[in-house]
Amino acid sequence: MSSTGLLGPFRLAYDDITNSIPRVAPGAFVLGHKGPDGRFYVDYVGRADSDIRDRLLQLIGSGNLFKYRCLTSMEAAFHAECELFHDFQPPGNRMHPDRPAGTNFECPRCRFFRLQGRA
């Protein structure tokens, strides 16, 4: 996963989240698990428009491990989430990520919002 720029994996637990994410920032993340082969498998992708640390704290109990990337803006977090969604097509995401409320951001990989008539 080195090309994604994600850090981790870390346990999806309070201490690991607060110790590994040093600041309040937008970001993208994946939740996953290690398989019998020792590799990390992505189960779910998500983002935080303003505080990735807080978002991951809300998800404690919904997975075992996480990887993350802090970003500089809500738009960058949305684009990163879309890229991860398209790269991994995780079983925990049934639909394309929605864009942040009140924005017209477009997915960098597909025309989902245009096809939905939500351009």
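Biologist: What keeps Cys82 and Cys107 from being called a disulfide?

Modeller: Distance. A disulfide needs two cysteine sulfur atoms within 2.5 Å, and the sulfur of Cys82 is 3.9 Å from its closest cysteine sulfur, in Cys107, so that is too far for a bond. Keep in mind that this is a predicted model, where local features need pLDDT of at least 70, side-chain atom pairs count only at pLDDT 80 or more, and totals for chains, interfaces and linings use all residues. Residues are numbered from 1 along each chain as its sequence is written, and side-chain values use heavy atoms, with hydrogens and water left out.

Biologist: Why is Cys110 not bonded to Cys107 either?

Modeller: Again the gap is too wide: the Cys110 sulfur sits 3.7 Å from the one in Cys107, its closest cysteine sulfur, so no bond is called. A search of the whole structure turns up 0 disulfides.

Biologist: What makes Cys82 buried or exposed, and where does Cys110 fall?

Modeller: Buried means under 20% relative accessible area, exposed over 50%, and partly exposed in between (1.4 Å probe, protein chains only). Cys82 has 0%, so it is buried. Cys110 has 25%, so it counts as partly exposed.

Biologist: Why is the pair of Phe78 and Phe105 called tilted?

Modeller: Rings of Phe, Tyr and Trp (its six-membered ring) pair if their centres lie within 6.5 Å; planes under 30 degrees apart are stacked, over 60 edge-to-face, and the rest tilted. By this rule there are 5 aromatic pairs. One of them is Phe66 with Tyr68, tilted at 6.1 Å centre to centre and 40° between the planes. For Phe78 and Phe105, the centres are 6.2 Å apart and the planes at 35°, so this pair is tilted too.

Biologist: What does the pair of Phe78 and Phe105 tie together?

Modeller: Helices (H or I, at least four residues) and strands (E, at least two) are DSSP runs, numbered from the N terminus. Phe78 is in helix H3 (residues 74-88) and Phe105 in the loop between H3 and helix H4 (112-115), so the pair links parts 27 residues apart in sequence. Both Phe78 and Phe105 are buried.

Biologist: How do you know that strands S2 and S3 pair?

Modeller: Two strands pair if DSSP finds at least two bridges between them. Here 8 bridges join S2 (residues 27-34) to S3 (residues 40-48), and the strands run antiparallel. Leu31, for one, has Tyr44 in S3 as its bridge partner.
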